[in-house]
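Welcome to a short guided tour. Open the model in your viewer, switch on the cartoon, and keep the selection box handy.

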Amino acid sequence: MTRQSLRILFVAYPLLPVSEASAGGAEQMLWTLERELHAAGHRTTVAACAGSQVSGTLHVTGILSREIDTFAKRDREHQHAIRNFLQYEEFDLIHDKSGSFFAHAANIRTPLLATLHLPRGFYNLSDWHALGRRVTLNCVSAAQSHTFADVPSLQGWVQNGIPIERFPLHTEKNDYLLWLGRICEEKAPHLAIEAARAAGRRLILAGHVYPFRYHQQYFDQEIQPRLGADVEFIDLPSFATKLDLLSHAAAVLVTSQVDETSSLVAMEAMACGTPVVAFRRGALPEVVAHSRTGFLVDDQKALTSALGDLDLIRPEECRAHVERHFSACRMASEYLRLYYAILGRSIGEAA
């Protein structure tokens, strides 16, 4: 297929706006990729909730409610709005980052690529073999792709990337530790609190509690009681606040108790010259270079111990590692190759 300018529809997660301050990894990655492709001359549209900020065209699929546990209702509204939109707008390809739209897209005629951002067990899909032939899947790490190896529609993996120029290198660090992300049990920020206190270090928790009852209960029961003079919580930090925190932290802690499929916060931290201390799970060994850009540990005791070795990590090496492996430009180029391969195959099938 000739590599022409493409008309691409990105489908966002229904419950969160897309912007540079997005808390979710899928939303951040969508914002970055759409920005890169729009700048390269492709016609990009993002189907997302009101309040989203994109580089191309925004198609609003609904307004968010402040009520909790409304995902099912909002997802139906989101999908209905997208299907109606596709009746009068044409695209070369749909890139689904919602985590759910692709599972109901068998009757959509436009070729669809769904990027899987979550561990396999997090998807509510009983038969991965029943997806329509126009649906293609991809993963975001080698570790994640191994868990989907039996799925026929899987077309490998594309490592996430970040807009490195937006995360300048800072070699002078303050004494606080940082945990940044989605506040929930599987991300386990309470373990970051325990490690920081055991090491006698100050910790800043920054992130967002999603509108799910079990997330809010976790915050109320496990995080709120642990806050104090040495543990500060910043809710929904702006991009400027997030950048300041990442740039000046002594280290960023990644304490997930699930096999992470990637880690944008680790990439962003390292771009700023900030080391990452993470549990050796999932794709973290693909992101963090042990003893060069941070430390990969196997248990809570080792997590605390590693906080005493942060001076061994050079900020310049952290930055160089991200520049070599995790640029948004590299990610966009790899997705474009995948798009053209999907479209070329689709044309061949149609012929």
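A residue is called buried when its relative accessible area is under 20%. Keep that cut-off in mind at the first stop, and remember throughout that this is a predicted model.

**Stop 1: strand 9**

Select residues 203-208, which make up strand 9, and show the side chains. Which residues point one way from strand 9, and which the other way? L203, L205 and G207 go one way, while I204, A206 and H208 go the other. In a regular strand, the side chains alternate between the two faces of the sheet. In strand 9 the residues on both sides are buried. With 6 of its 6 residues buried, strand 9 is largely enclosed by the rest of the structure.

Now add the neighbours. Strand 8, residues 177-182, runs parallel to strand 9 and is joined to it by 6 bridges. For a landmark, pick W179, which stands opposite L205 in strand 9. Follow the chain from strand 8 through helix 4 (residues 189-198) to strand 9, and you trace a right-handed β-α-β crossover.

Next, select strand 10, residues 231-235, which pairs with strand 9 in the parallel sense over 5 bridges. Here the landmark is A206, opposite I234 in strand 10. Helix 5 (residues 213-223) completes the picture: together with strand 9 and strand 10, helix 5 makes a right-handed β-α-β unit.

**Stop 2: the second largest pocket**

Stay with H208 for a moment. H208 is one of the residues nearest the centre of the second largest pocket, along with L15, L16, P17 and L64. Select these five, then widen the view, since the lining has 21 residues. The pocket has a volume of about 470 Å³. Which helix gives the most to the lining? Helix 2, residues 71-86, does, with 3 residues.

**Stop 3: aromatic rings**

Show Phe, Tyr and Trp as sticks. How many aromatic pairs does the count come to? The count is 12 aromatic pairs. Zoom in on F85 and Y88: their ring centres are 5.6 Å apart and their planes meet at 85°, so this pair is edge-to-face. Planes over 60 degrees apart earn that name. The partners differ in their surroundings: F85 is buried at 8% relative accessible area, whereas Y88 is exposed at 57%. F85 also pairs with F91, with centres 5.8 Å apart and planes at 50°, so that pair is tilted. F91 is buried, as F85 is.

Then select F102, Y123, W128 and F148 together, because these four form one aromatic cluster.

Two arginines are worth a look as well. R166 lies over the face of F239, 4.5 Å from the ring centre. R182 lies over the face of Y210, at 5.4 Å from the ring centre.

**Stop 4: helix 7 and the largest cavity**

Select residues 264-271, which form helix 7. Is helix 7 mostly covered or mostly uncovered? Helix 7 is mostly covered, with 8 of its 8 residues buried. They are L264, V265, A266, M267, E268, A269, M270 and A271. Just after helix 7, click on G273, which takes a positive phi of about 85°.

From helix 7, go back to E268 and look at the space around that residue. Rolling a probe the size of a water molecule over the atoms shows where empty space is left. A search of the whole structure finds 2 cavities of 30 Å³ or more. The largest cavity holds about 110 Å³ of space, and E268 is among the residues nearest its centre, as are Q28, W31, T32 and P163. In total, 15 residues line the largest cavity. Colour helix 1 (25-39), helix 6 (239-248) and helix 7, each of which supplies at least two residues of that lining. Helix 1 has the largest share, at 4 residues.

**Last stop: a long-range neighbour**

Finish at A143, in helix 3 (residues 142-147). At 25% relative accessibility, A143 counts as partly exposed. Now draw a distance from the C-alpha of A143 to that of E286: the two are 143 residues apart in sequence, yet 8.2 Å apart in space.

Key
Residues are numbered from 1 along each chain as its sequence is written. This is a predicted model: local features need pLDDT of at least 70, side-chain atom pairs count only at pLDDT 80 or more; totals for chains, interfaces and linings use all residues. Side-chain values use heavy atoms; hydrogens and water are left out. Rings of Phe, Tyr and Trp (its six-membered ring) pair if their centres lie within 6.5 Å; planes under 30 degrees apart count as stacked, over 60 as edge-to-face and the rest as tilted. Buried means under 20% relative accessible area, exposed over 50%, partly exposed in between (1.4 Å probe, protein chains only). A charge sits over a ring if NZ of Lys or CZ of Arg is within 6 Å of the ring centre and within 35 degrees of the ring normal. Two strands pair if DSSP finds at least two bridges between them. A crossover is right-handed if, with the strands pointing away from the viewer, the path from the first strand over the helix to the second runs clockwise. On a 1 Å grid over the protein atoms alone, a cavity is a set of points where a 1.4 Å probe fits but cannot get out, and a pocket is an open set with protein on both sides within 12 Å along at least five of seven lines; lining residues have an atom within 4 Å of a point. Grid points are joined across faces, edges and corners, and a volume is the space filled by probe spheres set on the points.
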